[in-house]
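Q: Got a minute to go through this one with me? I'd like to talk about pockets, cores and charge pairs.

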Amino acid sequence: MFITFEGIDGCGKTTQVKLLKSYFETKGFEVISVREPGSTKISEQIRSILLNSKNTDIGLESEALLFSSARAQIVKEVIIPSLNDKKIVICDRFIDSTLAYQGYGRGMDLKKLDVISSFAIKDNYPEYTFFIDISIEESKKRLNNASLDRMESAGNDFFTRVRNGFIELTKVNPNRIHLIDGKLSVRMIHSRIINIINRK
Ligand code: TMP
């Protein structure tokens with residue numbers, strides 16, 4: 001089973017990844033959880049280039065390809081081998097982040113991004129994607145005072161487009177992407193996720 005979590009910064013997906021991992025482990029499953037970009041030696045190096053707020057001159061194409069490059073490495077090194085070993089893989093962000101941030105947010109061509117993504121992931125699409133939705137105001141409040149990385153420093157207009165992008169992607173992929181209200185309590189969000197998985 002391959003599960004991904006998506007949402008704008010501060011939505012709480014990292015907490016939900018941890019809770020879901022422990023849930024499956026208590027049921028006796030082997031679970032691997034990873035984050036994107038990152039979780040392999042090469043992908044973590046790419047992550048630091050992408051998030052370094054000093055790198056103000058990264059071009060749009062370069063940004064999209066770097067995210068995809070980090071993804072290609074994690075898919076090859078971790079995701080495919082783990083799925084082949086019948087482990088459950090939970091990923092904190094995946095292809096939908098590229099569509100939402102680089103596509104809807106930066107305005108890049110969605111079809112071209114789709115092509116790059118499917119090349120990077122060798123068509124290993126997730127079975128379940130949980131989009132935890134919070135408002136831009138809530139995101140700002142939660143990130144308050146944290147030192148913001150290159151992506152987090154983009155303005156409100158950018159994050160509004162990214163959030164709307166995630167909402168649009170949910171409409172386009174209703175069987176895979178499940179929108180969860182991020183204002184609910186951590187426990188409530190977790191139990192909604194479990195219900196959706198068990199229902200299927
Ligand atoms: P994180 O802070 O959730 O670990 O994600 C890193 C940042 O990178 C976050 O601001 C979202 C952004 N991002 C993209 O712009 N495109 C992508 O494809 C991915 C995976 C993340």
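What follows is a short chat about the pocket, the salt bridges and the nonpolar cores.

Q: What kind of model is it?
A: This is a predicted model.

Q: Pocket first. What volume does the largest one have?
A: The largest pocket has a volume of about 470 Å³.

Q: Which residues are closest to its centre?
A: They are Asp9, Lys13, Glu36, Arg47 and Arg93. The lining has 24 residues in total.

Q: And which elements give two or more residues to that lining?
A: Four helices do: H1 (13-26), H2 (41-51), H3 (60-84) and H4 (95-105).

Q: Which gives the largest share?
A: H4 does, with four residues.

Q: How do the lining residues divide by type?
A: Ten are charged, eight nonpolar and six polar.

Q: OK, charges then. How many salt bridges are there in the whole structure?
A: The search finds 13.

Q: What does Asp9 pair with in a salt bridge?
A: Its side chain meets that of Arg93, at 3.9 Å from N to O. The two sit in distant parts of the chain, 84 residues apart. Asp9 is in the loop between strand S1 (2-6) and H1. Arg93 is in the loop between strand S3 (88-92) and H4.

Q: Are those two buried or exposed?
A: Asp9 is buried, and Arg93 is buried as well.

Q: What about Lys13, which residue does its side chain meet?
A: Asp92, in a salt bridge of 2.8 Å from N to O. Lys13 lies in helix H1 and Asp92 in strand S3, so the pair ties together parts 79 residues apart in sequence.

Q: Buried or exposed, that pair?
A: Both Lys13 and Asp92 are buried.

Q: Switching to helix H6. Where do Glu138 and Lys141 lie in it?
A: Three residues apart, about one turn of the helix, which covers residues 136-143. Their side chains meet in a salt bridge, 3.4 Å from N to O.

Q: Why does Glu138 count as buried?
A: Its relative accessibility is 11%, and the cut-off for buried is under 20%.

Q: And why does Lys141 count as exposed?
A: Because Lys141 has 58% relative accessibility, and exposed means over 50%.

Q: Which residues are in the salt-bridge network with them?
A: Arg142 and Lys183 are linked with Glu138 and Lys141 in that network.

Q: Now the nonpolar side. Which residues of the largest core touch the most other members?
A: Ile3, Phe5, Leu20, Phe24, Tyr101 and Phe130, out of 43 residues in that core.

Q: What does Phe130 touch, leaving out residues up to four places away?
A: Phe130 touches Ile3, Thr4, Phe5, Glu6, His178, Ile180, Ile193, Ile196 and Ile197. Apart from the largest core lies another one, of eleven residues. Phe2, Val34, Ile79 and Ile121 are among them.

Q: Back to Ile193. Where is its place?
A: Ile193 is in helix H8, residues 186-199.

Q: Why is Ile193 called buried?
A: Because its relative accessible area is 1%, against a cut-off of under 20%.

Q: And what is Ile193 in contact with, beyond four places in sequence?
A: Phe5, Gln16, Leu20, Phe130 and Ile180.

Q: Last one. What separates the C-alpha atoms of Ile193 and His178?
A: They are separated by 8.7 Å, and the two residues are 15 apart along the chain.

Methods
Residues are numbered from 1 along each chain as its sequence is written. This is a predicted model: local features need pLDDT of at least 70, side-chain atom pairs count only at pLDDT 80 or more; totals for chains, interfaces and linings use all residues. Side-chain values use heavy atoms; hydrogens and water are left out. On a 1 Å grid over the protein atoms alone, a cavity is a set of points where a 1.4 Å probe fits but cannot get out, and a pocket is an open set with protein on both sides within 12 Å along at least five of seven lines; lining residues have an atom within 4 Å of a point. Grid points are joined across faces, edges and corners, and a volume is the space filled by probe spheres set on the points. Ala, Val, Leu, Ile, Met, Phe, Trp, Tyr, Cys and Pro count as nonpolar, Asp, Glu, Lys and Arg as charged, and the others, Gly among them, as polar. A nonpolar core is a set of buried Ala, Val, Leu, Ile, Met, Phe, Trp, Tyr and Cys residues joined through side-chain atoms within 4.5 Å. Buried means under 20% relative accessible area, exposed over 50%, partly exposed in between (1.4 Å probe, protein chains only). Contact means heavy atoms within 4.5 Å. A salt bridge is a side-chain nitrogen of Lys or Arg within 4 Å of a carboxyl oxygen of Asp or Glu.
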